[in-house]
Amino acid sequence: MPVEPDERSRTTALRSPDAVLGLSLIAISVVFLACTLPLSAAAAAWPRAVLALLLFLGAAITVRAVRAAAAGRPAAEPAAADAVPDEEEGASGEWSPAVLRRPALTMLIVIGYVALLDVIGFFPATVLYLVGHLWFGGSRDLRVVAGVTAGLCGLVYLLFVHELSVPLPTGLFG
Amino acid sequence: MDTQLLLSALDNLFTWEVMLAITAGVVGGIIIGALPGLSGTMGIALLIPITFGMDAVAGLSMLAAIYAAATYGGSVSAILINTPGTPAAAATALDGYQLTLQGKGAKALAVSAIASMVGGLVSAFALLLLAPPLAQVSLAFSAPEYFLIAVFGLLIIGSLAAGSLLKGFAAGTLGLLVATIGIDILTGFPRFTFGTTALQSGIELVPALIGLFSLSQVLVLAEGRGGGGTAMAHALKGRALPTLRELKRITATIARSSGIGVFVGVLPGAGGDIGSWIGYNEAKRFSKGADREEFGKGSLKGVAAAEAANNAVTGGAMVPMLTLGIPGSSATAVIMGGLLIHGMQPGGRLFTEQADTTYAIMLGFLLANVLMGVLAIAGARYFVLATRVPMKVLVPIIVALCVVGTYAVNNSMADVWVMIVFGVIGYLLRKVGVPPAPIVLGLILGALAEKGLRQSFVMAQGDLIGYYLSRPLSVVLLLLIVLSLAAPPLAARMRRRMAAQAATAKEREDA
């Protein structure tokens, strides 16, 4: 059956970032509300109140996003649409694969680094990570790579191991 | 403050450890602020773990020093490369960059340093004068008031930190939800632990802070090609220090902006960006003739007005944070996290039982502002170099510091994974315009709100609304909550009007 234009625009509206946010909040609220079922009434009362509020806010954000999409305008409230996020630099707001590619790869590198900490220990993992991430970022000057790696490892050793006596992970060979 | 307390506070302050911590905080803060893309809030979050091994005065003075110095640091890139290091320095760029193009970059930086120092000092004195009496009010608080204070704090930061009211409130509510994870202290029931022992003690504040503010910022920076590099700063030219005549011309502007900044800072939720725009616009309004014509074309008064105001906001913003537990901005929300980690609960007790520590920190903040002014003028040529460090080098360093800092809190790899999860959550939320500050505040205030409400139910014996309305302090707080719901549209309108006025005037003058 062919999709009606109205239905198509509603589907597109539901894919807008704000609608996805609203729907995600609704989904989180429902899942967590279900998790409160085994709790005693006293232990569940506050989380349920918080989740009910989150559910309401999620629904409100979704409705506003759908209405905004239907009217062909951005979903932000007019009164505060141009407010500057306080003291924080904002993300681009774009969701294209081209924009998300580098953050996703960066995250994979970071996860790989953290996974390696317990295997080969903090300092070897950090050296590998720094060299890898600097290369990924486009730093090909060996002096920069060596300087940053040696400088940071030295700083961490002095501050965390020597001064603060933090037992950093030594890995399987430690 | 009596003499005994003053001496005790000074004794706590003037130790090698505290002096070193303040100096490191000032230098680090200026560098962080000068780097476009990095904010003071992020720097504070990243350095909280280092303060663990320090005494409370040294650690918290360092965090306050970073806050003050990063606010000034934002002007370095605003003046030299027309890119505000922090949104609070946006108004500074209007005249600061024009001065750089005229070969007066060094002088603009010096004026910015002097104005920031004076603004910061005025705000530090205001903090010393205003905080103790306001804290007395909090001594009268009981469970109902604590609940209302938590709600008020969340409404305020949720409404003003975001571009959208609904999203700001949703962020605060998410924070409240995260705060419920772990064993319920009153019933002993595990909530949302999903059978994991690591979650039974709840989500630790520091990993969440570092993830939400620092790692998520790394991912934001990664969007800009991981990132490439920063624009090359103009070389510093011209005479650095302003002449006596120039200083006289900007004195009234600095004084006025300092007052405005303190006032804006004390209002919970109104940050440095609002303060600097109001300071800038008022300076312009008070100027006449050629002085007024100069705004937007390279006016030293314009730089002084914006910078005095945004630094005056810092001490003002610490007043509601220290006395009522309501942080005025993202940075003070994170500093409040640091305060709690050092066992200091905002409120009256900070000014009674822990008065010598609290006063030492406030005096440390005062000292940090003096040091910032001196170092900013003496080291301007070196701080400029910071704007030339490419992001592609900084990003891996920040990640490694996020990891080691988070691990150091409890020597726990589980915390590191929590930090990573919050980093991804923070990034995704920022992409849809949800700011991280309300989440952190929800996380901090969640337990206070729940405990306050539960105890209120017991104390009210069935008539909760009647009980709340029978308590004068609760009624005042309820009124403030209603007012806070009306404030965001007004603040947004003010911001828009100020920015539009400045832009229109600049366009007119350019034409």
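**Two chains and what lies between them**

Chain A and chain B together bury about 6,600 Å². Carbon and sulfur atoms make up 73% of that buried area. Keep in mind that this is a predicted model.

Let's start with who touches whom. On one side, 74 residues of chain A take part; on the other, 83 residues of chain B.

How many salt bridges does the rule find across the interface of chain A and chain B? One. The partners are A:Asp18 and B:Lys167. Their closest N and O atoms sit 2.9 Å apart. That falls within the 4 Å cut-off, so the pair counts as a salt bridge.

Polar contacts come next. The rule finds four residue pairs of this kind across the interface, with both residues at pLDDT 80 or more.

Now, which parts of chain A make up the side that touches chain B? Five helices each supply at least two residues: H2 (17-35), H3 (41-71), H4 (97-120), H5 (122-137) and H6 (142-163). Which of chain A's elements gives the most? H4(A), with 13 residues. Sort that side of chain A by class and you get 53 nonpolar, ten polar and eleven charged residues.

Step back to chain A as a whole. Its secondary structure is six helices and zero strands. Read from the N terminus, the order is α-α-α-α-α-α. Chain A has 174 residues, and 36% of them count as buried. Then the contacts within the chain. Take those between residues at least 6 apart in sequence: 59% of them join residues at least 24 apart. As for surface, chain A exposes about 9,500 Å². Carbon and sulfur atoms supply 71% of that exposed area.

Last stop: one residue in chain B. Please find B:Ser123. Look in helix H6 of chain B, residues 105-139. Is B:Ser123 buried or exposed? Buried, because its relative accessibility is 0%, and the cut-off for buried is under 20%.

What does the side chain of B:Ser123 reach? The backbone nitrogen of B:Gly315, at 3.2 Å. B:Gly315 is also on the list of residues that B:Ser123 touches, once we leave out those up to four places away in sequence. The others on that list are B:Val262, B:Asn311, B:Ala312, B:Thr314, B:Gly316 and B:Phe365.

To recap: the two chains bury about 6,600 Å² between them, the rule finds one salt bridge across the interface, and B:Ser123 is buried in chain B.

Terms used: Residues numbered from 1 in each chain as written. Chains lettered and ligands numbered in written order. Predicted model: local features only at pLDDT ≥ 70, side-chain atom pairs only at ≥ 80, totals over all residues. Heavy atoms only, no water. Contact = heavy atoms within 4.5 Å. Buried area = accessible area lost by both parts, 1.4 Å probe. Salt bridge = Lys/Arg side-chain N within 4 Å of Asp/Glu carboxyl O. Polar contact = N/O pair within 3.5 Å; in protein donor to acceptor, adjacent residues only side chain to side chain. Helix = DSSP H or I, 4+ residues; strand = E, 2+ residues; numbered from the N terminus. Nonpolar A, V, L, I, M, F, W, Y, C, P; charged D, E, K, R; others polar. Buried < 20%, exposed > 50% of the residue type's maximum accessible area, 1.4 Å probe, protein only. Areas by Shrake-Rupley, 256 points an atom, 1.4 Å probe, with all protein chains shown as cover.
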